[in-house]
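Got your viewer open? Let's take a walk through this one, a stop at a time.

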Amino acid sequence: MKNKRRKKILLVLVEGITDQASLELILTNLASNSHKLILQVTYGDVTSLYTSTPQNIRSKINELIKSDGKKHLPSDYQEIIHIIDLDGVYLSHDRIIEDLTLNSLEYHSNEIRAPDINDVIKRNERKKEIINKLITTKFIRRSIPYRLFYFSCNLEHVLHDVMFVEDKDKIKLANKFEDSYYDNLDKFLDFMCFSDFSSKQNYLESWDEIKLINAFIPRKTNLDVFLKDYFVE
């Protein structure tokens with residue numbers, strides 16, 4: 001008997017456990033007939049780290065790629081799908097408002113409120129440079145295809161139309177989302193690919209579009225590009 005052809009790996013990098021709780025089972029179910037999907041939590045946004053630069057970002061992503069206890073060769077991978085939150089990075093500087101009563105950033109539809117404006121501006125400029133580097137990065141580890149995708153402002157903004165959610169409620173929303181779509185994959189694909197927040201463009205066009213929106217923080221994602229490439233006929 002001939003051995004079955006080994007499925008190639010789709011490695012999906014996400015920032016946190018709410019991304020995992022929302023998407024892992026759904027995406028694994030979608031890919032089950034064609035690929036081995038591995039969703040890996042990076043526990044933070046590597047594009048926002050103070051230690052990340054356009055020069056070292058590819059090395060940092062290389063470090064994030066784990067083998068889940070097995071040794072995978074570059075040829076074992078179909079593609080690396082990296083999903084980040086945009087965090088209002090393209091918002092105009094004049095819409096970043098100082099608020100000394102805050103201890104952390106607060107995102108609104110048309111502004112970011114922060115205790116230190118300059119810190120947010122520096123983060124945004126650095127993150128935009130890193131994003132530009134990754135958009136033009138076609139391969140990681142020399143030969144593994146790589147693409148960067150976004151949620152704007154964040155996961156909850158796109159999936160639930162709310163920018164800010166208390167930590168205690170994030171997992172509840174994530175589990176509710178998973179329960180709604182795990183057994184209805186067509187409904188999930190329709191929601192992600194054909195909603196008002198879906199980019200409905202090709203990969204590079206989806207990035208060009210989001211970069212031009214600087215007067216407000218749009219509810220937007222380009223994850224539909226990935227989903228259509230693999231799971232929509």
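Start by selecting residues 9-14, which make up strand 1, together with residues 36-41, strand 2: the two run parallel and are joined by six bridges. For one position along that pairing, show Leu13, which sits opposite Gln40 of strand 2. Keep in mind as you click around that this is a predicted model.

Stay on strand 1 and turn on its side chains. Which way do they point? Ile9, Leu11 and Leu13 go to one side, while Leu10, Val12 and Val14 go to the other. That is what a regular strand does: side chains alternate between the two faces of the sheet. Here both sets are buried, so the strand is mostly covered, with six of its six residues buried.

Now zoom out to the whole chain. You should be able to count eight helices and nine strands. The C-alpha trace spans about 70 × 40 × 35 Å along its principal axes. The radius of gyration is 18 Å, which agrees with the value near 17 Å that a compact globule of 233 residues would have. Try colouring by burial: 51% of the 233 residues are buried. Switch to a surface and you have about 12,400 Å² exposed, 48% of it supplied by carbon and sulfur atoms. If you colour by charge, there are 34 positive and 36 negative charges, and their mean positions lie 9 Å apart.

Contacts are worth a thought while you are zoomed out. Of those with a separation of 6 or more, 73% are between residues 24 or more positions apart.

Next, select strand 6, residues 111-114. What pairs with strand 6 in the parallel sense? That is strand 4, residues 96-98, over three bridges. Glu98 has Ala114 of strand 6 as its bridge partner. Then add residues 106-108, strand 5, which runs antiparallel to strand 6 and is also joined to it by three bridges. Strands 5 and 6 form a hairpin, with two residues between them. In that pairing, look for His108 standing opposite Glu111.

For the last stop, jump to residues 223-231, helix 8, and pick out Asp224. Is Asp224 buried or exposed? Its relative accessibility is 0%, so Asp224 counts as buried; the cut-off for buried is under 20%. To see what surrounds Asp224, show Met192, Cys193, Ser198, Ser199, Lys200 and Gln201: these are its contacts once neighbours within four places in sequence are left aside.

Note on methods
Residues are numbered from 1 along each chain as its sequence is written. This is a predicted model: local features need pLDDT of at least 70, side-chain atom pairs count only at pLDDT 80 or more; totals for chains, interfaces and linings use all residues. Side-chain values use heavy atoms; hydrogens and water are left out. Helices (H or I, at least four residues) and strands (E, at least two) are DSSP runs, numbered from the N terminus. The radius of gyration is taken over C-alpha atoms; the globule rule is 2.2 Å times the number of residues to the power 0.38. Buried means under 20% relative accessible area, exposed over 50%, partly exposed in between (1.4 Å probe, protein chains only). Contact means heavy atoms within 4.5 Å. Accessible areas come from the Shrake-Rupley method with a 1.4 Å probe; for residues, only the protein chains shown count as cover. Lys and Arg count as positive and Asp and Glu as negative; His and the chain ends are not counted. The place of a charge is taken as NZ of Lys, CZ of Arg, CG of Asp or CD of Glu. Two strands pair if DSSP finds at least two bridges between them.
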